[in-house]
Amino acid sequence: MTRHVVRLFARYAELFGNDQVDVMLPSSATVADVIAALRELPGGGSLPASPFVVVNMVKEQPAAPVKAGDEIALLPPLAGG
Amino acid sequence: MADLMLFLTSQPIDVQALAAFVHAPDRGGVVTFAGLVRDHHAGRRVLSLSYSAYEPMAEKVCGEIRREAESRWPATVAMTHRLGDLAIGDVAVAVVVAAGHRDVAFEACRWVIDELKRRVPIWKRERYADGTEAWVDPTAPQGIVEVMK
């Protein structure tokens, strides 16, 4: 099992009560596993059907792998400009 | 040149200074877009708002947008987005494009601001006159998700 830090922003940081959370995942984990772990946390039930996850600042699909040391972030729908 | 340029600022945006970045004697068509903070949204009067960002990724994506625009069009592009607390009428975002001709400048400027809104990880929290506050969310009903207090 590997501990991954997931960075949170804006509405999601308020939802989870922090600007980052830890999730424990098996070593061959995917973005889908990260999302599933987040849904189990307090506040996680409010996440949308297809959350926007970036790994090392690149948007990734659920099947994408995550490895130790990757910078993972969960982004609410964008609202800049 | 200016991959040293930073795209995010916490200071008031100086649109004229941004225009100076793209100035060149052979680029006579300069188009500027400025997005200002409006006093209304979702049927409510807005008192003020705050922008926040995933800053390293926002810088990276702005750089990508600029490079893509400059490879698609014969144009020079500059953009800045402000973060932090803004008041009604403040410039939140500015895009300036200089090209040899106005057709290119208008087209590229429109594309850049549309891409910025679509891809840059920035979020907006609004404070309303009725005491409520909300995160702007283009995917939500009325475009906002109210903050529960």
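1. Disulfides. Over all chains, this predicted model holds 0 disulfides. A disulfide would need a pair of cysteine sulfur atoms within 2.5 Å. For B:Cys62, the closest cysteine sulfur is that of B:Cys109, and at 14 Å it is too far for a bond. Taken from the other side, the closest cysteine sulfur to B:Cys109 is in B:Cys62, again at 14 Å and too far for a bond.

2. Burial of these cysteines. B:Cys62 has a relative accessible area of 2% and is therefore buried. B:Cys109 also counts as buried, because its relative accessibility is 4%. The cut-off for buried is under 20% relative accessible area.

3. Helix H1 of chain B, buried side. H1(B) spans residues 15-22, and its buried residues include B:Val15, B:Leu18, B:Ala19 and B:Val22. Viewed down the helix axis, the buried residues of H1(B) fall within an arc of 100°, so they line one face of the helix. An α-helix has 3.6 residues a turn, so residues three or four places apart point the same way. Among the elements covering the buried residues of H1(B) are strands S2 (29-36), S5 (75-82) and S7 (91-99) of chain B.

4. Helix H1 of chain B, other face and N-terminal end. B:Gln16 and B:Ala20 are exposed and sit on the face of H1(B) turned away from its buried side. The N-terminal end of H1(B) is capped by B:Asp14, with a side-chain oxygen 3.1 Å from the backbone nitrogen of B:Gln16. B:Gln16 thus appears twice in this description: its side of the helix is the one turned away from the buried side, and its backbone nitrogen takes part in the cap.

5. Strand S8 of chain B, burial. S8(B) covers residues 122-128, and 6 of its 7 residues are buried, so the strand is largely enclosed by the rest of the structure.

6. Strand S8 of chain B, pairing with S4. Strand S4 of chain B (residues 44-53) pairs with S8(B) in the antiparallel sense, over 7 bridges. Within S8(B), B:Arg125 is the residue opposite B:Ser50.

7. Strand S8 of chain B, pairing with S9. S8(B) also pairs with strand S9 of chain B (residues 133-136), in the antiparallel sense and over 3 bridges. B:Arg127 has B:Glu133 of S9(B) as its bridge partner. S8(B) and S9(B) form a hairpin with 4 residues between them. In the turn, B:Gly131 has a positive phi of about 95°.

Conventions. Residues numbered from 1 in each chain as written. Chains lettered and ligands numbered in written order. Predicted model: local features only at pLDDT ≥ 70, side-chain atom pairs only at ≥ 80, totals over all residues. Heavy atoms only, no water. Buried < 20%, exposed > 50% of the residue type's maximum accessible area, 1.4 Å probe, protein only. Helix = DSSP H or I, 4+ residues; strand = E, 2+ residues; numbered from the N terminus. Pairing = 2+ DSSP bridges. Arc of directions from axis to C-beta. Contact = heavy atoms within 4.5 Å. Polar contact = N/O pair within 3.5 Å; in protein donor to acceptor, adjacent residues only side chain to side chain.
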